[in-house]
Amino acid sequence: GMVITMVIEYKKQEMPVILPVPESVGGVNQPMVCLSGVWKFRRTPLEEMDPASSDFTDWLDINIPDDMTCHRNLVGERESKYVYVGKYTFKRIIEVPKEYEGKRIFLRFEGTNGFAEAWVNGKLAGRHYNAFLTWNCEITDFVTPGEPAVLAVGIDERSDRVSTFNHGGIVHDVYLMAVPKAYVSRLHVDTFFDDAYRAATMKIR
């Protein structure tokens, strides 16, 4: 008989790195700036527009954080009473503090449902594919401290691509964050017990 051999290559996924929130940063009075509040949004996929454009004053207002299922009357017809699906874009101008000069600068999203991507001044800063989890992306090379920048966030939560259970958009707070050039990126602890569960070895990295 015929023997068919299948070779499946598995690419190990990198462990996500969520930066610890800094209590203080030398030379910086406010290492975290909350970006929540009034943003602009439009039910147009981000790939169909210029993410660097600052001409979005005629877009609809939305008070971030928010849930797009509350705005079906603004973004289009719903498929059912409970489901909103689609792709849309959020934008705002962010003011990067002058005191962030010489620091590494990040965006911290506390939760974006659907597939999300963040663009700063027309440059892709990061993507995220896991709904409510916190994620961050570095924007140091895309901004100039003391000058404004255009932040665009694209959300994709189509039911045939993401999930049939959609509650979406930027559902938690967003922060601008400064850290030193050398900083703690993560703290991970593993505990290994012996067979009798009487002694253990703790590995910290």
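# A tour of the aromatic cluster, a sheet and the salt bridges

Start by selecting Phe41, Tyr88 and Phe90, which together make up one aromatic cluster. The model on screen is a predicted one.

**The aromatic cluster**

A search of the whole structure gives 7 aromatic pairs. Take Phe41 and Phe90 from among them: their rings are tilted, with 6.2 Å from centre to centre and 35° between the planes. This pair links distant parts of the chain, since Phe41 sits in strand S2 (residues 37-42) and Phe90 in strand S4 (residues 87-95), 49 residues apart. Phe41 and Phe90 are both buried.

Now show Tyr88 beside Phe90. These two rings form an edge-to-face pair, 5.7 Å centre to centre with 85° between the planes. Tyr88 is buried, as is Phe90.

**From strand S4 to Glu47**

Stay with strand S4 and select Lys87. Which residue forms a salt bridge with Lys87? The partner is Glu47, and the closest N and O atoms are 2.4 Å apart. Glu47 belongs to the loop between S2 and strand S3 (60-64), while Lys87 is in strand S4; the pair links distant parts of the chain, 40 residues apart. Is Glu47 buried or exposed? Glu47 has a relative accessible area of 56%, and because the cut-off for exposed is over 50%, Glu47 counts as exposed.

**Strand S5 and its sheet**

Next, select residues 104-109, which are strand S5. Of its 6 residues, 5 are buried, so strand S5 is largely enclosed by the rest of the structure.

Add residues 174-179, strand S12: it runs antiparallel to S5, and 6 bridges join the two. To find one of these contacts, look at Arg108, whose bridge partner in S12 is Tyr175. Then add strand S9 (residues 135-138), which pairs with S5 in the antiparallel sense over 4 bridges. Here Leu107 stands opposite Cys137 of S9.

Strand S1 completes the set: S1 and S12 pair over 3 bridges, again in the antiparallel sense. Val33 has Leu176 as its bridge partner in S12.

With these strands shown together, the view is an open sheet of 4 strands in the order S1-S12-S5-S9, with antiparallel pairing. S1 (32-34) and S9 are the edge strands, each pairing on one side only. On average, neighbouring strands of this sheet are turned by 25° against each other, direction ignored.

**More salt bridges**

Return to Arg108 and show its side chain together with that of Glu110: they meet in a salt bridge, 2.9 Å from N to O. Arg108 is buried, at 10% relative accessible area, whereas Glu110 is partly exposed, at 23%. The search of the whole structure finds 6 salt bridges.

Another of them joins Arg127 and Glu117, whose closest N and O atoms are 3.2 Å apart. Arg127 lies in strand S8 (residues 123-128) and Glu117 in strand S7 (residues 115-120), so this pair ties together parts that are 10 residues apart in sequence. Arg127 is partly exposed at 45% relative accessibility. Glu117 has a value of 19% and counts as buried, because the cut-off for buried is under 20%.

**A nonpolar patch**

Finish on the surface by selecting Leu187, Val189, Met202 and Ile204. These residues form a nonpolar patch with about 440 Å² of accessible area together. Val189 is found in strand S13 (residues 189-193), and its relative accessible area of 41% makes it partly exposed.

Technical notes:
Residues are numbered from 1 along each chain as its sequence is written. This is a predicted model: local features need pLDDT of at least 70, side-chain atom pairs count only at pLDDT 80 or more; totals for chains, interfaces and linings use all residues. Side-chain values use heavy atoms; hydrogens and water are left out. Buried means under 20% relative accessible area, exposed over 50%, partly exposed in between (1.4 Å probe, protein chains only). Two strands pair if DSSP finds at least two bridges between them. Axes are lines fitted to C-alpha atoms, for helices over the stretch in contact, and angles run from 0 to 180 degrees between N-to-C directions. Patches are made of residues with over 30% relative accessible area and no salt bridge: like charges are joined within 9 Å, nonpolar side chains (Val, Leu, Ile, Met, Phe, Trp, Tyr) within 5 Å. Accessible areas come from the Shrake-Rupley method with a 1.4 Å probe; for residues, only the protein chains shown count as cover. A salt bridge is a side-chain nitrogen of Lys or Arg within 4 Å of a carboxyl oxygen of Asp or Glu. Rings of Phe, Tyr and Trp (its six-membered ring) pair if their centres lie within 6.5 Å; planes under 30 degrees apart count as stacked, over 60 as edge-to-face and the rest as tilted.
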